[in-house]
Every structure is written in C-alpha cells, then in structure tokens.
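Thanks, everyone. Please have the model open on your screens, and let's walk through it together.

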Amino acid sequence: MFGQPPDPDAKPVFDWLFSPKRDGSLVYGGKLAGELLRVGTVSRAIKALRQAGRAFLIPADDVKHESSCIKGQCVSNGAHVIALARASGARLLYSHDHALQQDFKNAKLVSQPRGKVYTAATHAKLLRHTNTCPRARRSPR
C-alpha cells in the first residue's frame with residue numbers, strides 16, 4: 001500500500017489517509033507496530049501520518065491484554081491484528097489474507113460494530129469512521 005505509486009486497489013486507502021481533504025486514520029501497536037516499522041517506506045509513512053494526527057499508537061499492554069482474551073480463537077496467524085482492532089476500536093482491515101479476513105469478520109472476535117474488510121478499490125465506500133475508532137473519539141479542535 002505504501003509503494004510509490006500505490007497499487008490501484010490501495011490508492012483509495014492511501015488517498016483517505018494522506019489527502020488533506022479526507023479524514024483517514026491508521027492504528028498500529030503491539031507486534032504489528034514492530035512489523036510495520038521495520039520497513040523504511042512504511043515507517044516514514046507512519047511518521048508522516050503521526051505528525052498529521054492521523055496515526056495512533058495503541059499501547060502494547062492494551063494489545064497484549066486483548067491477545068490473551070482471544071488466545072486460540074483465531075484461524076489465522078494474525079491474532080495480533082485482531083487484538084489491535086479490539087484494543088483500538090478500529091473496524092476496517094485492508095488485507096488480502098483470507099484467514100485474517102475471516103477472523104476480522106467473526107463477531108466473536110471483532111464486534112460492536114463488526115469488522116469490515118477492504119480488498120479492492122470498489123470497497124472505497126468502507127473508508128469512513130465508526131464511533132469506536134480513535135479519530136472519532138478525539139475531542140474537537
């Protein structure tokens with residue numbers, strides 16, 4: 001997604017996150033933060049989003065707690081991603097990992113509201129905030 005230029009399916013997500021006319025935000029934390037920040041282009045993109053108030057680091061202890069709550073319930077090897085969604089309130093996943101998509105849409109793992117999965121540009125209508133996401137909870141400026 002953070003390639004230049006972004007993949008055509010990722011372009012709406014990229015624009016949602018980086019365009020001043022849009023209000024996208026990204027959460028990262030726990031194991032996923034380590035995975036993302038090891039890649040130079042991704043690390044720079046997250047830094048830019050953080051400086052713009054659009055990236056939110058979720059405390060590792062919060063993610064770890066949620067990981068313990070779902071231990072053994074995921075069919076994917078992405079329990080750390082599910083734990084991050086639960087800890088942060090994020091309800092939109094951009095991934096092509098089918099097992100992770102299944103976990104993210106599982107109401108027993110991600111609920112109130114349920115998780116949604118973005119995989120293609122045709123899913124651009126999903127690029128909005130729920131009342132559980134960090135950006136929606138921020139106080140007005």
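Start with strand S1, residues 26–29. Which way do its residues point? Leu26 and Tyr28 point one way from S1, and Val27 and Gly29 point the other way. In a regular strand, side chains alternate between the two faces of the sheet. Are these four residues of S1 buried or exposed? All of them are buried. Keep in mind that this is a predicted model.

Now the neighbour. S1 is joined to strand S2, residues 55–58, by four bridges. The two strands run parallel. Take valine 27 as an example: its bridge partner in S2 is phenylalanine 56.

Stay with Val27, and look at the core. The largest nonpolar core has 19 residues. Val27 is among those with the most contacts inside it, along with Ile70, Ile82, Leu84, Leu93, Phe104 and Leu109. Which elements give two or more residues to this core? They are S2, H5 and H6. The largest share comes from H5, with five residues.

Next, the largest pocket. About 970 Å³ of space lies in it. How many residues line this pocket? The lining has 35 residues. Leu26, Val27, Leu92, Leu93 and Tyr94 lie nearest the centre of the pocket. So we meet Leu26 and Val27 of S1 again.

Several elements give two or more residues to that lining. Among them are the helices H1 (11–18), H2 (30–37), H5 (79–88) and H6 (98–104). The strands are S1, S3 (92–94) and S4 (116–118). Which element gives the most to the lining? H5 does, with four residues. What is the lining made of? It divides into 25 nonpolar residues, five polar and five charged.

Last topic: the cysteines. How many disulfides does a search of the whole structure find? Zero. Look at cysteine 69 and cysteine 74. Why is there no bond for cysteine 69? The closest cysteine sulfur, in cysteine 74, is 12 Å away from the sulfur of cysteine 69, and that is too far for a bond. For comparison, a disulfide needs the two sulfur atoms within 2.5 Å. Cysteine 74 is in no disulfide either.

How accessible are these two cysteines? Cysteine 69 has 36% relative accessibility, so it counts as partly exposed. Cysteine 74 has a relative accessible area of 18%, so cysteine 74 is buried. The cut-off for buried is under 20%.

That's my tour. Over to you.

Notes
Residues are numbered from 1 along each chain as its sequence is written. This is a predicted model: local features need pLDDT of at least 70, side-chain atom pairs count only at pLDDT 80 or more; totals for chains, interfaces and linings use all residues. Side-chain values use heavy atoms; hydrogens and water are left out. On a 1 Å grid over the protein atoms alone, a cavity is a set of points where a 1.4 Å probe fits but cannot get out, and a pocket is an open set with protein on both sides within 12 Å along at least five of seven lines; lining residues have an atom within 4 Å of a point. Grid points are joined across faces, edges and corners, and a volume is the space filled by probe spheres set on the points. Ala, Val, Leu, Ile, Met, Phe, Trp, Tyr, Cys and Pro count as nonpolar, Asp, Glu, Lys and Arg as charged, and the others, Gly among them, as polar. Buried means under 20% relative accessible area, exposed over 50%, partly exposed in between (1.4 Å probe, protein chains only). Two strands pair if DSSP finds at least two bridges between them. A nonpolar core is a set of buried Ala, Val, Leu, Ile, Met, Phe, Trp, Tyr and Cys residues joined through side-chain atoms within 4.5 Å.
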